[in-house]
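Student: I'd like to go through this one slowly and have you justify the labels as we go. Can we start once the picture is up?

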Amino acid sequence: MNDRSGITAVILAGGLGTRLRSVVKDQPKVLAGIGGHPFLKYLLDQLASWRIRKVVLCTGYLSEQIESRFGQDYHGLRLIYSREPTPLGTAGALRLALPLIDSGTVLVLNGDSYCAADFDAFWRWHSLRRSVATLLLVNNPDTRRFGSVQIAADGQIIRFDEKKEGAKPGLINAGLYLIKSALLKSIPESGSVSLEREIFPAWIGMDFYGYQATGPFLDIGTPESYASAEIFFANINTLQHE
């Protein structure tokens with residue numbers, strides 16, 4: 001598929017945001033304010049710049065606030081909501097949304113992270129390898145919060161290392177995935193299931209790749225990282241206008 005507008009994007013936006021409660025109260029994490037705008041705006045603006053046209057929002061906690069704020073259309077993006085009846089985890093939420101995905105490959109985004117990646121390069125790399133799933137990875141000087149991803153010389157993912165004490169550099173999962181939609185059928189339809197802890201490790205050996213990107217990366221999952229978000233996006237805006 002060379003037409004980027006035909007790809008369905010899915011944003012995983014159902015998390016409880018427990019670690020952010022001290023600074024972001026009574027609203028979903030994707031609505032956390034940054035520079036006068038909700039975080040979700042930055043993700044949607046990025047998708048619009050990538051010529052995506054359809055976005056499924058997997059919502060859960062306080063989902064009605066997201067629907068009220070963004071509605072069914074945002075700057076040419078068609079927004080569709082898949083609301084969890086109970087917390088399903090990242091994989092369970094994606095499986096629930098499968099009937100709403102009408103492209104052979106789906107672009108999945110974590111709703112609490114942002115990477116200023118080159119999507120065309122990511123797409124080409126994924127397509128050339130006929131990958132069933134590709135994770136976008138970035139180098140990070142301290143993998144303690146994230147764990148790390150080990151890849152072979154050809155980019156195939158060979159291992160996920162859990163979060164460990166002690167600051168060490170490595171490749172981390174940047175929260176952007178290209179996945180063959182048919183592969184999502186392998187996710188259990190009931191219960192809470194995690195992409196990172198349960199599904200991704202099970203896919204190792206299935207033409208499952210990690211693409212190394214160079215774009216700036218932000219995760220707003222903690223008060224400390226959230227506090228840096230305004231400067232992060234100000235810097236991104238400066239880079240885009242140079």
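Student: Leaving aside neighbours within four places in sequence, which residues is Leu178 in contact with?

Tutor: Keep in mind that this is a predicted model. Leu178 is in contact with Thr105, Val106, Leu107, Phe119, Phe122, Trp123, His126, Val132, Ala133 and Thr134. Each of those has heavy atoms within 4.5 Å of it. Leu178 itself lies in strand β12.

Student: Why is Leu178 called buried?

Tutor: The cut-off for buried is under 20% relative accessible area. Leu178 comes out at 0%, so buried is the label it gets. As for position, its C-alpha is 8.7 Å from that of Ser131, although the two are 47 residues apart in sequence.

Student: What makes the protein chain as compact as a globular protein of its length?

Tutor: Start with the parts: the chain has 7 helices and 14 strands. Its radius of gyration is 17 Å, and the globule rule gives 18 Å for 242 residues; the two values are close, so the chain is as compact as a globular protein of that length. If you want a box, the C-alpha atoms fill roughly 45 × 40 × 40 Å along the principal axes.

Student: And what share of the residues is buried?

Tutor: Buried residues come to 52% of the 242. On the outside, about 11,400 Å² is exposed, with carbon and sulfur atoms supplying 50% of that. Sequence separation is worth a look too: of the contacts between residues at least 6 apart, 75% join residues at least 24 apart.

Student: Why is the Phe119 and Trp123 pair called tilted?

Tutor: The search turns up 19 aromatic pairs in the whole structure. In this one the ring centres are 6.5 Å apart and the planes meet at 40 degrees, so the pair is tilted. The reasoning is that under 30 degrees would be stacked and over 60 edge-to-face, and the rest count as tilted.

Student: How do you know that Phe119 and Trp123 are about one helical turn apart?

Tutor: They are 4 residues apart in helix α4, which runs over residues 119–128, and that spacing is about one helical turn. Both of them are buried.

Student: What makes the Phe160 and Phe208 pair tilted?

Tutor: Their planes are at 40 degrees and their centres 6.2 Å apart, so this pair is tilted. Phe160 sits in strand β11 (residues 157–161) and Phe208 in strand β13 (residues 208–212), so the pair ties together parts that are 48 residues apart in sequence.

Student: Is Phe160 buried or partly exposed?

Tutor: Partly exposed: Phe160 has a relative accessible area of 21%, and buried needs under 20%. Phe208, at 0%, is buried.

Student: Which residues do ring pairs link into a cluster?

Tutor: The cluster takes in Trp50, Phe119, Phe122, Trp123, Trp125, Tyr209 and Tyr211.

Student: Why is Lys41 called buried?

Tutor: Lys41 has a relative accessible area of 19%, and the limit is under 20%, so it is buried. Lys41 belongs to helix α1. Beyond neighbours within four places in sequence, Lys41 is in contact with Phe70 and Tyr74.

Student: Why does Glu67 count as partly exposed?

Tutor: Glu67 is at 25%, and partly exposed covers what is between under 20% and over 50%. Glu67 lies in helix α2 and touches Thr59, Tyr81 and Arg83, not counting residues up to four places away.

Student: What is notable about phi of Arg51?

Tutor: Phi of Arg51 is near 70 degrees, a positive value in a residue other than glycine. Arg51 is in the loop between α1 and β4, and at 42% relative accessibility it counts as partly exposed. Leu62 also has a positive phi, about 50 degrees, without being a glycine. The loop holding Leu62 runs between β4 and α2, and Leu62 is partly exposed at 22%.

Student: Which elements do the buried residues of α3 pack against?

Tutor: They pack against β1, β4, β6, β7, β12 and α5. The buried residues in question are Ala91, Gly92, Ala93, Leu94, Arg95 and Ala97.

Methods
Residues numbered from 1 in each chain as written. Predicted model: local features only at pLDDT ≥ 70, side-chain atom pairs only at ≥ 80, totals over all residues. Heavy atoms only, no water. Helix = DSSP H or I, 4+ residues; strand = E, 2+ residues; numbered from the N terminus. Rg over C-alpha atoms; globule rule 2.2 N^0.38 Å. Buried < 20%, exposed > 50% of the residue type's maximum accessible area, 1.4 Å probe, protein only. Areas by Shrake-Rupley, 256 points an atom, 1.4 Å probe, with all protein chains shown as cover. Phe/Tyr/Trp six-rings, centres within 6.5 Å; stacked < 30°, edge-to-face > 60°.
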